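Work through the following exercises with the sequence and the model side by side. Each task is followed by a solution in steps.

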Amino acid sequence: PPGTTCADDYCEWEAFEDPAVVDNAADADAGGGARSRLVPLILGCAGGVLVLSACALLACRYFVCNGSQTDRGTPLPVTSRDAAKTVVGPAQAAPAAAVFGSASPTTAVAEVAAAQPVEEKITVTVRCGSCSALIPVTSSSGVACRFTCPSCGAVSEFKINLPPVTSVVALPVQYPAYWNSRGDGSKEFVQESDEVAKGVQGLFDRTWKDQWTRDRGRHGKVQQLEVVMVQRNENAESWKNYYRIREELKKTCVAGQAPKYQAKTSALVMDHAEARMLVQRGQLASEANEFYMFHGTKPMAMTAICDSAFRIDKAGSNAGTLYGPGLYFAEACSKADEYASDDKDHGYPGLYGMLICRVACGHINYNDQVAPPVQALVDSVLRDKTHHCILGDREKCRGTYREFIVFDNEQVYPEYLVIYRRVAK
């Protein structure tokens with residue numbers, strides 16, 4: 001009806017008046033016998049105008065509303081936990097040509113909105129190859145884009161290759177086959193078998209290294225580690241969050257051709273039957289650079305972490321933060337042991353806590369400098385979003401250990417709780 005809005009919010013109608021009707025009505029008000037002669041004419045004209053107007057309105061409503069629906073496109077599904085998610089992909093520079101000079105942008109970070117049409121353009125941040133300025137540019141996936149740097153005037157061309165966006169949130173969650181839980185929202189700590197305990201001991205023995213660092217303290221000694229008890233953390237809700245992030249990282253890393261790494265927790269245990277079985281049954285996602293990693297702590301703190309996840313705000317509270325305020329994990333048990341302590345006040349004197357965590361590292365920013373550029377490394381994960389993890393190779397530059405640092409606690413799932421003791425070498 002006139003003056004209302006149609007259900008699709010794509011067209012609005014304005015109430016209108018027919019000038020002929022208004023003028024004739026005014027004349028009729030002048031009085032006398034003219035009124036009786038004009039009434040049939042007025043009514044006839046008014047009726048005809050109204051009929052024609054109604055037909056025009058219905059036709060307009062049909063063609064405008066239905067025509068609009070055909071042009072809206074298909075909305076993209078949600079790509080992660082949030083309504084919009086940052087997707088990292090490579091920007092490939094075109095071959096150098098004279099018209100472009102030497103400018104060639106590098107990595108691009110694309111912001112993909114949840115409800116954009118498929119053909120909508122993507123806003124990315126690229127680096128000018130001439131002056132290295134960071135510039136926001138709007139482009140489409142798979143289409144070459146030219147842009148002019150506002151700082152130096154250089155013209156560059158790049159191309160974004162992003163994978164088709166699928167709904168990670170809608171993915172059915174797959175739980176490890178050896179778990180008791182199957183997505184019923186339960187939480188439990190399952191006592192592991194002697195075979196699994198032997199596997200964990202194998203992980204300890206193969207990754208242990210007689211190497212002291214200052215994080216152990218001036219008088220700290222490197223000792224062997226002996227497994228006392230192993231439990232498995234089955235937290236359905238935490239696993240669901242971790243699983244979906246891991247699947248998202250798999251697709252992002254495959255699309256961006258992220259380098260694959262290997263951790264000692266896998267590479268050094270293949271000659272130990274129980275340890276090999278433990279790692280293989282985990283079916284780690286190599287596409288997402290998923291590894292088993294160690295994290296040393298107190299026995300009582302392990303259950304709190306498994307119940308409520310790691311806390312980023314506690315990063316560095318037990319030691320330094322050489323690579324920024326993230327969550328630190330080690331591929332060597334002797335490194336993680338530096339941060340473990342016994343719990344004398346809660347019945348664990350002489351016993352220490354070690355979490356064996358799944359860590360989905362994604363695209364790793366590798367660094368082997370003695371004095372790493374901390375801010376740049378952290379920015380690559382938190383601001384620029386070109387990487388998902390930092391790998392600090394102190395083993396190469398200092399002869400100590402490699403450390404893996406992530407800044408999102410949902411990239412971590414603490415799967416095994418280990419109580420152990422330190423024994424003389």
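**Exercise 1. Find what covers the buried residues of helix 6, then locate those residues on the helix.**

Step 1. The cover over the buried residues of helix 6 includes helix 3, helix 5, strand 10 (290-297) and strand 16. Contact here means heavy atoms within 4.5 Å. Helices (H or I, at least four residues) and strands (E, at least two) are DSSP runs, numbered from the N terminus.

Step 2. Before going on, note that this is a predicted model, in which local features need pLDDT of at least 70, side-chain atom pairs count only at pLDDT 80 or more, and totals for chains, interfaces and linings use all residues. Residues are numbered from 1 along each chain as its sequence is written, and side-chain values use heavy atoms, with hydrogens and water left out.

Step 3. The buried residues of helix 6 are Ala 275, Leu 278 and Val 279. They lie on the same side of helix 6, because they cover an arc of only 90° around the axis. The arc is that of the directions from the helix axis to the C-beta atoms. Buried means under 20% relative accessible area, exposed over 50%, and partly exposed in between (1.4 Å probe, protein chains only).

Step 4. After helix 6 comes Gln 283, with a positive phi near 45°.

**Exercise 2. Describe the surroundings of Val 196 and Leu 268.**

Step 1. Val 196 belongs to helix 3 (residues 194-207). Its relative accessibility is 2%, so Val 196 counts as buried.

Step 2. Not counting residues up to four places away in sequence, Val 196 touches Val 230, Leu 278, Arg 281 and Tyr 416. The C-alpha atoms of Val 196 and Met 277 are separated by 8.5 Å, although their positions lie 81 residues apart along the chain.

Step 3. Leu 268 sits in the loop between helix 5 (264-267) and helix 6 (273-281). With a relative accessible area of 37%, Leu 268 is partly exposed. From Leu 268 to Thr 207 the C-alpha distance is 7.0 Å, at 61 residues apart in sequence.

**Exercise 3. Trace the partners of strand 9, then examine Glu 234.**

Step 1. Strand 8 (residues 187-191) and strand 9 run antiparallel and are joined by 5 bridges. Two strands pair if DSSP finds at least two bridges between them. Gln 191 stands opposite Gln 231 in strand 9.

Step 2. Strand 9 also pairs with strand 16 (residues 412-423), in the antiparallel sense over 8 bridges. Val 230 has Val 418 in strand 16 as its bridge partner.

Step 3. Glu 234 is part of strand 9 (residues 224-235). Is Glu 234 buried or exposed? Glu 234 is buried, since its relative accessible area is 0%.

Step 4. The side chain of Glu 234 makes a polar contact with the side chain of Arg 232, at 2.7 Å. A polar contact is a pair of N or O atoms within 3.5 Å; within protein, one must be able to donate a hydrogen and the other to accept it, and residues adjacent in sequence count only if both atoms are side-chain atoms. A polar atom of the Glu 234 side chain also lies 2.9 Å from the backbone nitrogen of Ser 181.

Step 5. Leaving aside neighbours within four places in sequence, the contacts of Glu 234 include Tyr 178, Trp 179, Lys 187 and Tyr 413.

**Exercise 4. Check the length of helix 4.**

Step 1. The expected span of a helix is 1.5 Å times one less than its number of residues. For the 21 residues of helix 4 (residues 236-256), this should give 30 Å; the end C-alpha atoms are 30 Å apart, which agrees.

Step 2. Among the buried residues of helix 4 are Trp 239, Tyr 242, Arg 246, Glu 247 and Glu 248. Just after helix 4, Gln 257 has a positive phi of about 50°.

**Exercise 5. Place strand 15 between its partners.**

Step 1. Strand 15 (residues 402-406) is mostly covered, with 5 of its 5 residues buried. Arg 402, Phe 404 and Val 406 point one way, and Glu 403 and Ile 405 the other way.

Step 2. Strand 11 (residues 327-330) pairs with strand 15 in the antiparallel sense over 4 bridges, and Tyr 328 stands opposite Ile 405.

Step 3. Strand 14 (residues 389-393) and strand 15 run antiparallel, joined by 4 bridges. Gly 392 has Glu 403 as its bridge partner in strand 15.
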